[in-house]
Amino acid sequence: MARTAIGIDLGGTNIKAGLVAEDGTVLAQAEAKTLAHEGPDAVMGRMAVLAGQMRGKAEADPVGLGVGSPGPLDPSVGQIYFTPNMPGWDGYPLGARLADRLKMPVRVENDANCAALAEHWRGAGQGTKTMILLTLGTGIGGGIIVDGKLVNGTRVTAGEVGHIVINDKGPKCGCGNHGCLEAYCGTAGIIARARELLDKPGTVSMLIEMAGRDFEKLSPALIGQAAKKGDGPAISIYKETGRLLGLGIVNLVNIFAPEVVILGGGVAANGAFIFPAVRDEVKRRAMRPGNEQVRIEAAAMGNDAGLIGAAGLLLH
Ligand SMILES: [Zn+2]
């Protein structure tokens with residue numbers, strides 16, 4: 001009988017669950033609204049129901065449940081320290097509660113770390129020993145895999161690549177520090193640079209009309225649309241985002257000498273403008289020969305990365 005595990009990707013809006021085979025194939029899937037405002041116990045209850053449904057689809061009892069959760073957490077015991085977008089989760093013992101409810105082994109890991117595991121298992125990092133994933137979105141998450149293993153710190157999630165400081169006098173970051181990569185290349189940072197550029201006298205850009213002359217309507221997706229239509233300022237915003245990302249990635253390349261750095265998430269959809277700038281910066285600044293050897297590639301796993309990686313916590 002084939003081994004399977006249940007994977008859950010806990011997001012601020014949706015909970016996605018899957019029954020995952022030992023080769024990483026998703027055999028069954030189910031989804032529910034998170035309804036985070038109802039508090040952690042209610043959300044945990046919905047996760048348990050979804051896990052139960054997946055269990056029911058398995059030929060033999062799954063080896064356990066893996067959960068990818070937002071925020072810093074202690075993976076050794078499955079305890080959440082806090083979650084930026086879901087109130088009331090401080091110190092919540094998610095792993096223990098689920099294990100109690102389901103009577104099966106439960107592992108909890110940071111969601112971006114789960115995505116990194118999935119890329120290593122079946123995606124753009126397949127076959128590598130050392131790889132790094134950056135997920136670009138509202139924030140910048142990531143995961144670091146060295147010698148085939150996720151890098152975990154001491155009782156806290158490691159791999160917070162979005163909080164590499166690239167300018168000590170830079171803009172304030174959500175983490176409280178200044179000048180983090182996320183403060184420049186997360187959604188808010190990209191929009192702030194776009195506003196600054198569009199505000200400059202003499203700037204001609206179709207973005208101004210596309211946003212209905214309302215800068216509140218600017219978004220990375222809108223800037224990407226303008227860039228694809230050949231708008232100069234929009235292209236320069238994404239090239240600069242790539243250059244700044246490259247600055248952060250240079251540090252990662254020098255420290256870890258990865259075979260591949262993988263970029264995923266919404267912003268990476270504008271990869272045509274971002275990737276060349278990242279590659280240039282890494283080639284120019286990182287130490288030889290790592291700068292020549294490292295590949296910079298797009299994530300390959302798509303939306304199921306989180307739950308597949310979470311199930312992988314049990315299957316590997
Ligand atoms: Zn930060």
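Start at Lys103, which counts as exposed because 6 C-beta neighbours sit inside 10 Å; by the cut-offs used here, a residue is exposed with 12 or fewer other C-beta atoms within 10 Å of its own, buried with 20 or more, and partly exposed in between, with C-beta atoms placed from the backbone. You'll find Lys103 in the loop between helix 2 (94-102) and strand 7 (106-110). Helices (H or I, at least four residues) and strands (E, at least two) are DSSP runs, numbered from the N terminus. Lys103 has a phi near 55 degrees, a positive value in a residue other than glycine.

Before going on, keep in mind that this is a predicted model: local features need pLDDT of at least 70, side-chain atom pairs count only at pLDDT 80 or more, and totals for chains, interfaces and linings use all residues. Residue numbers run from 1 along each chain as its sequence is written.

Leu35 also has a positive phi, about 50 degrees, although it is not a glycine. It lies in the loop between strand 3 (26-33) and helix 1, and with 13 C-beta neighbours inside 10 Å it counts as partly exposed. Further along, Ala60 sits in the loop between helix 1 (40-57) and strand 4 (65-69). Ala60 is exposed, since 9 other C-beta atoms lie within 10 Å. Ala60 and Ala2 are 58 residues apart in sequence, yet 7.6 Å apart in space, C-alpha to C-alpha.

Now zoom out. The protein splits into domain 1 (4-118 + 304-315) and domain 2 (126-300), with bounds that come from an automatic or database domain assignment. Their centres, taken over C-alpha atoms, are 27 Å apart. The contact between them takes 13 residues from domain 1 and 14 from domain 2, where two residues are in contact if their C-beta atoms, placed from the backbone, lie within 7 Å. On the domain 1 side, helix 3 gives the most, with six residues.

Helix 3 also packs against helix 11 (residues 305-315), at an angle of about 80 degrees and with the axes 7 Å apart. That makes the two helices roughly perpendicular. Axes here are lines fitted to C-alpha atoms, for helices over the stretch in contact, and angles run from 0 to 180 degrees between N-to-C directions. Under 35 degrees counts as roughly parallel, over 145 as roughly antiparallel, 65 to 115 as roughly perpendicular and the rest as oblique. Among the residues that meet are Cys114 and Trp121 in helix 3, and Ile308 and Gly312 in helix 11.

Over in domain 2, helix 8 and helix 9 (residues 271-285) come within 7 Å, axis to axis, and cross at roughly 40 degrees, so they are oblique to each other. Residues making this contact include Tyr238 and Ile249 of helix 8, and Phe273 and Val282 of helix 9.

What about the inside? The largest nonpolar core has 90 residues, and those with the most contacts inside it are Ile6, Ile8, Ile223, Val261 and Ala311. Such a core is a set of buried Ala, Val, Leu, Ile, Met, Phe, Trp, Tyr and Cys residues joined through C-beta atoms within 7 Å. Helix 8 (residues 232-256) supplies the largest share, 10 residues. Domain 1 and domain 2 each put in at least three. Val261 touches Ile132, Ile249, Leu252, Val253, Val294 and Ile296, not counting residues up to four places away in sequence.

One last stop: a cis peptide bond joins Arg288 and Pro289, with omega about -5 degrees. Pro289 lies in the loop between helix 9 and helix 10 (290-293).
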